[in-house]
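Thanks for making the time this morning. I would like to walk through one model with you, going from a sheet to a helix, then to domains and chain contacts.

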Amino acid sequence: MNSLGNANTGSIDERGPMSELGAARGAPRATTPFAAALLAVPGILWMVLFLLGPLLMIVYVSFWTQKTFTIESTLTLKSWIFFFSSQTYLSALLTTLRIWLIVLVATFVVGYPVALYIGLFIRNKTIQTIVLVICVVPFWTSFLIRVLAWRPMLGTEGAVNLLLMKLGVISAPIDVLLFTEFSVIIGMTQIYVVFMVGPIAFMLSRIDHSLIEAARDLGAGTWRIFRTIIFPLSLPGVVTGAIFVSVMVLGEFATSAELSGRKVNMLGNIIVTQVGSLKWAFAAVAGVILTVLMGLVIAGLLRVVNLRKEL
Amino acid sequence: MQNQPVLRTLLMLYTGLFIVFLYGPFVVLTILSFQSGPEGGPQFPIIEWSTYWYRHLFGLTPPSRVAPLPIGRALVLSLSLSFMTMVTSTVLGTMTAQAFRSRFKGSGIVFYLIVLGMMVPGVLVGLGVALVSTQFGIPRNWWGTAFVAHVVYTFPFAFLVMLAIFNRFDRSVEEAAWSLGVSPITTFRKVTFPLIFPGVLSAMLFAFTLSYDEFPRTLFAAGPDLTLPLAIYGTFSVEIHPNVFAFGVLTTLFSFSLLAVYGILMMLSVRRAKQVAIQEEIR
Amino acid sequence: MTAILDLHGISKAYAGKPALRGLSLSVDRGAYVSMLGSSGSGKSTLLRIIAGFERPDAGDIRVDGRSVLGVGAHERGIGFVFQNFALFPHMTVFENVAFGLRHRVRGALRAEQEIRRRVEAMLDMVGLGGLGGRAIGQISGGQKQRVALARTLVTDPAIILLDEPLGALDANLRERMMVELRRIHRQLGITFLHVTGNEQEALAMGDRLTVLDNGAVAQLAEPDAVYNRPASARVARFLNCYNIFEGRIEDGRFRRDGLSLPCPKGAPRRAAEASYCVRFDRITIAEPGSAQPDEAAITARFVASEYDGPTITYFFAPPNGKAVEVEYHLSHHRPEEFAVDREYLLRWPAEDALVYA
């Protein structure tokens with residue numbers, strides 16, 4: 001009829017709130033919500049029985065009495081006291097904390113520049129995805145193989161030493177590379193750094209480049225822009241990555257055992273060895289401490305950034 | 001940030017180094033897998049290039065001081081366990097994701113309960129399962145306790161994949177089917193499922209890969225049975241030989257190919273689920 | 001004649017925002033009812049509630065006398081044609097149309113021959129004869145529209161709901177489909193409820209036109225009644241063919257910023273707030289100063305004209321307020337040349353105006 005300022009012709013779908021919220025909200029109601037929820041019951045049951053149950057059992061058993069090779073359900077604090085009064089086990093706790101912190105920082109320092117490059121400097125989305133896939137793919141190969149692969153790298157006759165000697169950088173092989181806490185840290189950093197790169201790159205790629213351009217137009221230097229715009233906006237990714245890395249590192253035992261020649265003991269190693277000698281109650285204590293530790297770390301990290309709002 | 005060529009080049013070089021760092025150990029491992037045997041050890045230099053250790057894996061070499069990896073039985077076991085896990089977790093994942101298409105009371109808590117399964121470290125889950133089985137006199141084996149722990153681990157992944165698939169799924173085809181008088185169950189069978197099938201396949205592959213490589217939970221829960229990862233772990237404390245490297249290469253290639261198939265399937269399913277929405281293209 | 005569809009007090013809100021407010025409506029058997037509403041008027045929501053894809057927060061829905069509240073969408077016997085067609089992409093045209101017949105809960109057909117007979121008859125009726133074997137990806141938008149229609153018609157529903165069925169089609173196709181829909185409606189006698197945001201479509205299609213505004217029925221009448229006598233200023237606005245002035249009434253005249261216009265008989269003598277509407281084609285353009293005593297007139301500057309085929313629309317800018325549009329039907333007027341920026345007098349009989357207060 002007329003073309004001046006009227007958008008009434010052939011207006012497309014006005015589903016309003018529904019189109020915004022997608023499937024989760026405006027779900028088709030051929031069945032009642034109750035009937036739909038029934039479908040979730042098997043999954044819920046499985047998790048309650050086989051996840052919650054075992055986890056609660058750990059807490060419960062940590063208070064049981066430990067006999068030589070069995071446990072009895074008489075409740076006691078003995079195992080707890082033993083843990084906290086023993087040098088070995090306290091040092092395992094400290095080792096766990098120390099390694100966690102170092103690996104966390106290391107994965108952050110090593111991974112952030114990569115995420116920066118992928119998220120901010122590669123504009124083509126396809127290439128971005130390809131590079132990310134290249135970085136992520138190693139994660140999907142057998143974890144143990146990845147741990148194992150460090151052995152020929154780090155030994156006195158390993159690839160790193162050979163290369164450095166060939167290049168003339170060193171004249172004798174460095175033997176602190178393998179079978180030390182250092183090797184554990186290198187190994188873990190390489191294995192878990194991907195978890196930092198992914199989320200951070202994701203957050204960085206969402207930054208509107210016009211923000212940066214505007215800042216530049218206003219005369220801000222690169223470092224300033226990074227400090228005030230880029231880094232804060234990437235923080236949710238950093239926290240996400242930190243949570244992933246923390247959960248993995250805190251629960252570790254294979255890397256620490258293999259790359260340190262069983263010298264480095266983390267809480268995970270304690271659990272494994274205690275279970276091996278049937279000291280269940282004791283292992284359970286270590287398990288509870290590990291869980292609490294993890295809970296604290298995650299809660300602490302979530303405080304840094306209110307993830308729900310940002311994501 | 002494009003007009004920062006120095007920074008850009010630096011970061012690019014750094015990323016290149018990073019990728020070397022990521023792949024380095026595996027490349028070294030691959031090179032060393034071609035070490036000659038049986039005298040060649042798991043370190044440089046390469047005495048002579050050979051496929052000895054690959055043949056050693058398959059038992060095709062004359063007996064030597066190096067014991068063959070117990071991969072025969074472990075392989076069968078791993079495949080079976082992974083297969084069972086794959087089917088179970090995909091069924092559970094699809095059913096639960098379907099349930100989540102309507103908002104029901106407590107869906108938030110259920111969501112976190114499920115995701116907990118992938119967040120809790122394997123060592124804790126394994127410990128818990130081992131504890132429960134010991135106390136209740138349940139024997140630990142690959143098809144009981146290990147299976148159960150594997151599903152706890154992979155079900156959340158399958159669930160999240162199916163959730164993502166359903167999220168992109170345009171429900172109007174289902175509503176159309178209902179408006180024609182077709183019951184919801186038949187609609188699911190004849191309309192929904194065929195359209196989400198590539199997604200279901202990819203969830204299955206994902207679950208399979210995760211279960212196949214799973215280690216910490218299995219360590220505690222498998223009892224006397226050895227899966228492939230456990231067999232590898234068994235060589236850890238012992239002197240290692242390049243046969244483990246050869247095995248690592250093969251198993252990695254296997255994982256890669258599974259992943260490639262998974263990637264293709266995911267793409268296909270997202271495309272199919274969106275097919276309905278772009279029907280209004282004229283001409 | 002019993003109504004085939006009865007809605008009483010349907011209310012629905014999303015996250016606290018009401019989409020439908022106590023809406024009531026009756027649709028007669030065999031009628032073609034079009035429903036006009038802008039985005040946000042709740043028209044799609046209403047359709048989805050009738051079909052059973054959503055539950056209303058309050059109210060009742062009766063189909064053929066029986067309440068279908070709580071009855072599943074697949075048991076209501078109500079057909080639905082989607083704006084994006086929602087065809088099954090993994091099936092051929094034939095399979096799409098046959099789907100309902102094959103798999104419906106009540107009265108599913110088993111005999112292949114019977115299915116084939118019915119599907120092919122329906123494909124012929126919608127003008128898709130011989131295309132049964134095509135894949136969905138191989139047909140055009142207009143053809144997809146017909147498949148969607150055929151698929152639902154073949155199941156013999158009591159009512160068919162059409163959710164902006166012509167929205168995705170280009171203008172030419174839309175015109176043709178409008179004719180097709182009316183033909184099919186006449187042939188089959190099924191009740192149609194056709195929802196759209198396009199006022200031309202709504203006026204052209206229905207025996208009755210329902211105007212939906214802000215979640216309730218603003219007017220329900222024959223199309224020409226709505227066109228000539230919109231029930232409120234808001235309905236007039238939807239029709240897109242009325243100039244609407246906001247102001248007040250004093251001493252029987254409409255006043256606004258220096259404008260003073262006589263009101264038609266029956267308008268209130270005084271109102272603090274009022275809307276004065278005059279349809280585009282009721283206005284005559286004349287030289288300034290030529291106003292007649294029983295006419296309303298305003299002076300405005302000519303801005304531009306737009307030629308639409310059978311009509312020309314002229315745009316004028318009055319001293320304050322938004323543009324005033326005048327439409328000349330070329331069967332009644334000769335096209336005239338007006339000088340840009342020159343002042344003209346726009347006049348109309350006072351009785352032709354509509355006043356709402």
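**A walk through the model**

Let me start with a single pair of residues: I249(C) has F254(C), in strand 12 of chain C, as its bridge partner. Please keep in mind throughout that this is a predicted model.

That bridge belongs to the pairing of strand 11 (residues 242-250) with strand 12 (residues 253-256) of chain C, which run antiparallel to one another and are joined over 3 bridges. Stepping back, these strands sit in an open sheet of 5 strands in chain C, ordered 13-12-11-14-20 and paired in the antiparallel sense. Which strands stand at the edges of this sheet? They are strand 13 (259-262) and strand 20 (354-356) of chain C, and each has a single partner strand, so one side of each is left without a neighbour in the sheet. From one strand to the next, the twist averages 40°.

Staying in chain C, I turn to helix 5 (residues 171-188), whose 18 residues, at 1.5 Å a residue, should span 26 Å, and whose end C-alpha atoms are indeed 26 Å apart, so expectation and model agree. Just after helix 5 of chain C comes G189(C), which takes a positive phi of about 70°.

Now to chain B, where the domain assignment gives domain 1 (5-57) and domain 2, the latter made up of 71-239 + 246-280. Taken over C-alpha atoms, the centres of these two domains of chain B are separated by 32 Å. Their contact takes 6 residues from domain 1 of chain B and 5 residues from domain 2 of chain B. On the domain 1 side, the elements that give two or more residues are helix 1 (5-33) and helix 2 (52-57) of chain B, and by class that side has 4 nonpolar, 2 polar and no charged residues.

Between chains A and B, the contact takes 71 residues from chain A and 77 residues from chain B. Helix 3 (residues 41-61) of chain A provides the largest share of the chain A side, with 13 residues, and by class this side has 53 nonpolar, 14 polar and 4 charged residues.

I will finish on one residue of chain A, F244(A), which lies in helix 13 (residues 222-250). Is F244(A) buried or exposed? Neither label fits, because F244(A) has 18 C-beta neighbours inside 10 Å and therefore counts as partly exposed, buried requiring 20 or more. F244(A) and L296(A), 52 residues apart in sequence, are 14 Å apart in space from C-alpha to C-alpha.

How values were computed. Residues numbered from 1 in each chain as written. Chains lettered and ligands numbered in written order. Predicted model: local features only at pLDDT ≥ 70, side-chain atom pairs only at ≥ 80, totals over all residues. Helix = DSSP H or I, 4+ residues; strand = E, 2+ residues; numbered from the N terminus. Buried ≥ 20, exposed ≤ 12 C-beta atoms within 10 Å, placed from the backbone. Pairing = 2+ DSSP bridges. Axes fitted to C-alpha atoms, helices over the stretch in contact; angles between N-to-C directions. Domains from an automatic or database assignment. Contact = placed C-beta atoms within 7 Å. Nonpolar A, V, L, I, M, F, W, Y, C, P; charged D, E, K, R; others polar. Expected span 1.5 Å × (residues − 1).
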